[in-house]
Amino acid sequence: MTEIDYYELLEVARDSDKGTIKKAYRKMAMKYHPDKNPDDNEAEEKFKAVNEAYQVLSDEEKRAIYDRYGKAGLEGHGQGGRGFSGGFDDLSSIFEEMFGGSGFGGFGSSSRRERKNYNYNLDIAIELTVEFNEAIFGAKKEIKYSYKNACNDCKGTGAKNGKLNTCPHCEGHGQIHMRQGFMTFAQTCPHCSGTGQTVTSKCNTCSGTGYDEVKETFEVSIPEGVNDGNRIRISNKGNVAPDGTRGDLYLQIRVKEDSHYVRHDDDIYLEVPIFFTQVALGATIKIPGLRGELELKIPAGTKDKEQFKFHGEGVKSVQGYGKGDLIVQIKINYPTSLNNEQKELLEKLQESFGLESKPHESNLEGMFDKVKKWFS
Ligand SMILES: [Zn+2]
Ligand SMILES: [Zn+2]
């Protein structure tokens with residue numbers, strides 16, 4: 001799936017200001033306006049794409065996300081999971097604003113087939129594993145990968161001298177039709193994979209693949225706060241088409257887990273073991289925060305699994321929403337064995353509490369007699 005760059009679509013520079021983008025949008029929207037281009041599928045697609053591009057680039061927040069992560073970054077970002085593919089209502093409201101409310105119709109579903117005469121996608125996706133701390137604080141990583149460069153001799157077709165023949169199976173339509181009763185089904189031609197063309201003799205230079213594999217190594221800055229599952233787009237590092245167009249490279253981020261910290265979005269969880277005497281007496285202890293030591297005050301009477309929150313001590317949001325929290329959860333530890341002295345001390349302590357140390361007696365008072373009566 002190749003995605004057209006929004007800036008290229010509006011024919012503006014990446015650092016253009018709002019005014020320039022708006023002007024470029026008006027120009028493009030006029031040019032591809034469906035009323036001006038009746039029954040022109042290509043113009044219709046362009047018109048939709050231009051509107052989509054403007055929706056993103058005219059919104060500062062969306063534009064920032066797009067610059068960093070591409071279209072993928074915007075999907076599911078407060079869009080109710082619908083992304084931009086179904087933004088038809090927004091489209092018509094922009095349309096009305098620009099053209100004074102004249103209606104437009106005839107936007108059929110896009111069934112037009114993109115014919116390309118090379119058989120690979122321009123965008124590449126690779127997985128990049130980063131350490132837990134690298135994801136939180138950002139890091140420079142070396143990327144080693146290989147991309148496809150269209151074979152010059154066959155112009156990416158894989159056919160000798162670039163000569164392709166019409167597929168005899170589908171007669172060049174790219175689709176075959178199957179009849180079943182009164183129904184007809186269209187199916188992508190399996191012989192030419194829908195291109196409508198076949199190779200009779202292979203190109204010797206690339207052995208018929210249509211491309212050379214080129215190895216590349218470069219360094220990339222992973223931004224502070226990335227999380228597992230994020231995708232980072234690096235434009236113009238993808239495969240190269242015969243006409244020189246280059247796709248993008250997507251880095252699918254995988255973050256290694258830490259043995260102590262647990263990350264949930266931008267919040268960090270940490271379990272802190274406390275000795276039972278510390279919760280009885282109350283204590284102030286030092287705990288390791290992400291950015292250094294923090295002081296945790298444990299009030300007397302703190303319960304097991306109780307949580308304490310350090311605001312803003314979590315991960316800095318990669319999308320610029322501030323910092324998450326550090327949440328500390330208490331785990332009370334009890335001694336597993338006691339020496340004689342400790343036993344004596346604890347027994348003394350228990351005695352000093354008197355009735356308070358026998359909560360079950362007051363709580364279950366009367367139950368012993370009650371149960372006895374049931375069987376008498
Ligand atoms: Zn065919
Ligand atoms: Zn070739």
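Donors are N, O and S atoms within 2.8 Å of the metal (3.2 Å for Na, K and Ca); water is not among the atoms, so sites may look incomplete. The structure is a predicted model, in which local features need pLDDT of at least 70 and side-chain atom pairs count only at pLDDT 80 or more, while totals for chains, interfaces and linings use all residues. Residues are numbered from 1 along each chain as its sequence is written, chains are lettered from A and ligands numbered from 1 in the order in which they are written, and side-chain values use heavy atoms, with hydrogens and water left out.

**Exercise 1. Describe the site of the zinc ion (ligand 2).**

Step 1. Find the donors. They are Cys151 (SG), Cys154 (SG), Cys203 (SG) and Cys206 (SG), which lie 2.3 Å from the zinc ion (ligand 2).

Step 2. Write the spacing. Along the chain, the donors of this ion follow C-x2-C-x48-C-x2-C.

Step 3. Place the middle pair. Cys154 is in the loop between strand S2 (139-150) and strand S3 (165-166), and Cys203 is in the loop between strand S6 (197-198) and strand S7 (211-222); the pair is 49 residues apart and links distant parts of the chain. Strands (E, at least two residues) and helices (H or I, at least four) are DSSP runs, numbered from the N terminus.

Step 4. Check burial. Cys154 and Cys203 are both buried. Buried means under 20% relative accessible area, exposed over 50%, and partly exposed in between (1.4 Å probe, protein chains only).

Step 5. Judge the geometry. Four donors count as tetrahedral if all angles lie between 85 and 135 degrees. The four donor atoms around the zinc ion (ligand 2) subtend angles of 103 to 116°, so the arrangement is tetrahedral.

**Exercise 2. Repeat the analysis for the zinc ion (ligand 1).**

Step 1. The protein donors are Cys167 (SG), Cys170 (SG), Cys189 (SG) and Cys192 (SG), at 2.2 to 2.3 Å from the zinc ion (ligand 1).

Step 2. The angles among the four donor atoms are 101 to 115°, and the site is tetrahedral.

Step 3. The spacing of the donor residues in sequence is C-x2-C-x18-C-x2-C. Cys170 lies in the loop between S3 and strand S4 (175-180), and Cys192 in the loop between strand S5 (183-188) and S6, so the pair ties together parts that are 22 residues apart in sequence.

Step 4. Cys170 and Cys192 are both buried.

**Exercise 3. In what order do the three strands of the open sheet stand, and what packs on the sheet?**

Step 1. The order is S1-S9-S8, and the pairing is mixed. Two strands pair if DSSP finds at least two bridges between them.

Step 2. Find the edges. Strand S1 (124-130) and strand S8 (231-234) each have a single partner strand, so one side of each is left without a neighbour in the sheet. From one strand to the next, the twist averages 30°. Axes are lines fitted to C-alpha atoms, for helices over the stretch in contact, and angles run from 0 to 180 degrees between N-to-C directions.

Step 3. Take the pairs in turn. S8 and strand S9 (residues 249-255) are antiparallel, with four bridges. Leu249 in S9 is the bridge partner of Ile234. Helix H4 (residues 60-69) packs on the sheet and touches S8 and S9, and its direction makes about 75° with that of S8. Contact means heavy atoms within 4.5 Å.

Step 4. S1 and S9 run parallel and are joined by seven bridges. Here Ile124 stands opposite Leu249.

Step 5. Five of the seven residues of S9 are buried, so S9 is largely enclosed by the rest of the structure.

**Exercise 4. Where do Glu11 and Lys305 lie, and are they buried or exposed?**

Step 1. Most residues other than glycine have a negative phi. Glu11 has a positive phi of about 55°, and Lys305 has a positive phi of about 70°.

Step 2. Glu11 is in the loop between helix H1 (6-10) and helix H2 (18-31). Lys305 is in the loop between strand S13 (292-298) and strand S14 (307-310).

Step 3. Glu11 counts as exposed because its relative accessibility is 57%. Lys305 counts as exposed because its relative accessibility is 56%.

Conventions:
Four donors count as tetrahedral if all angles lie between 85 and 135 degrees; four count as square planar and six as octahedral if opposite donors are over 155 degrees apart and all others between 65 and 115; anything else is irregular.
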